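Q: Hey, can you walk me through a protein model? I'm new to this, so plain words please.

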Amino acid sequence: MRQVSELIPDELAPRVEAAVAWFNSSPESAGETFTATGILDPDETLRGSADLQLILCGGNRCEQHSFRVTRTTETWSVEFLDGIPNQVTEKLQSDLDPPPGARLSWLDNALSQNAFVVLLFYRGFW
């Protein structure tokens with residue numbers, strides 16, 4: 001079973017920051033600025049894996065992306081894990097979309113702009 005953590009371990013912070021910066025400059029971000037709101041299986045990555053599986057949230061969407069992040073002489077080399085974004089071999093669990101707390105600021109912003117907000121939940125997704 002996959003483990004999702006909202007806290008990015010300090011040892012992984014530089015790699016996560018490099019992956020997020022790379023993603024934000026890619027066409028996949030569609031001009032939005034994303035932040036990492038969660039990491040899947042951080043213990044596996046801490047054991048030496050070059051792969052990062054991150055939950056990225058920006059604008060009105062949260063997405064799970066897998067990256068290969070390796071250290072070059074002076075910078076980080078980042079690429080999508082399979083070369084193709086959003087290619088998932090198994091269906092994501094509903095608890096990954098969105099991770100806990102990812103939409104708290106969105107809801108506060110929406111409530112300050114509207115008299116009420118309707119949230120629709122469907123099988124754990126929203």
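What follows is a chat about this model, from its overall layout to its details.

Q: What kind of model is this, and how are residues numbered?
A: It's a predicted model, where local features need pLDDT of at least 70, side-chain atom pairs count only at pLDDT 80 or more, and totals for chains, interfaces and linings use all residues. Residues are numbered from 1 along each chain as its sequence is written, and side-chain values use heavy atoms, with hydrogens and water left out.

Q: Okay, how many helices and strands does the protein have?
A: There are 3 helices and 5 strands. Both are DSSP runs numbered from the N terminus: helices are H or I with at least four residues, strands are E with at least two. Along the sequence the pattern reads β-α-β-α-β-β-β-α.

Q: In what order do the strands sit in the sheet?
A: The order is β1-β2-β3-β4-β5, in an open sheet with antiparallel pairing. Two strands count as paired if DSSP finds at least two bridges between them.

Q: Which strands stand at the edges?
A: Those are β1 (4-5) and β5 (76-80). Each has a single partner strand, so one side of each is left without a neighbour in the sheet.

Q: And how many bridges join β1 to β2?
A: That pair has 2 bridges, and one residue match there is V4 with L40 in β2. Next along, β2 and β3 are joined by 4 bridges, with T35 partnered to C57 in β3.

Q: What about β3 and β4?
A: Strand β3 (residues 51-58) and strand β4 (residues 61-71) run antiparallel, and 8 bridges join them. In β4, E63 stands opposite L56, and C62 stands opposite C57.

Q: What happens at the turn in the hairpin of β3 and β4?
A: There are 2 residues between the strands, and G59 takes a positive phi near 60°.

Q: How does β4 connect to β5?
A: Through a hairpin with 4 residues. The two strands pair in the antiparallel sense over 5 bridges, and R71 has W76 as its bridge partner in β5.

Q: Switching topic: what does helix α1 look like?
A: Helix α1 covers residues 13-24, which is 12 residues. From first C-alpha to last it reaches 16 Å, close to the 16 Å expected at 1.5 Å a residue; the expected span is 1.5 Å times one less than the number of residues.

Q: Which of the α1 residues are buried?
A: R15, V16, A18, A19, V20 and F23. Buried means under 20% relative accessible area, exposed means over 50%, and partly exposed is in between, using a 1.4 Å probe and protein chains only.

Q: What do those buried residues pack against?
A: They pack against β2 (35-40), α2 (42-46), β3, β4 and β5. A contact here means heavy atoms within 4.5 Å.

Q: Is P14 buried or exposed?
A: In between! P14 lies in helix α1 and is partly exposed, with a relative accessible area of 39%. Its C-alpha is 9.0 Å from that of W76, although the two are 62 residues apart along the chain.

Q: And T45, buried or exposed?
A: T45, in helix α2, counts as buried because its relative accessibility is 6%. Leaving out residues up to four places away in sequence, T45 touches L12, R15, D51 and L52.

Q: How many residues has the largest nonpolar core?
A: The core has 15 residues, and those with the most contacts inside it are A19, L52, L54, L56 and F67. α1, β3, β4 and β5 each supply at least two residues of this core, and α1 gives the most, with 5 residues. By definition, a nonpolar core is a set of buried Ala, Val, Leu, Ile, Met, Phe, Trp, Tyr and Cys residues joined through side-chain atoms within 4.5 Å.

Q: What does F67 touch?
A: Among its contacts, not counting residues up to four places away in sequence, are A19, W22, F23, L54 and V78.

Q: Last one: what's the average pLDDT?
A: The average is 78, and 77% of the residues score at least 70. pLDDT is the predictor's confidence in each residue, from 0 to 100. Among the elements, helix α3 (residues 104-113) has the lowest mean, 77, and α1 the highest, 93. Over residues 91-97 the pLDDT is below 50. Where pLDDT is low, the predicted coordinates should not be read in detail.
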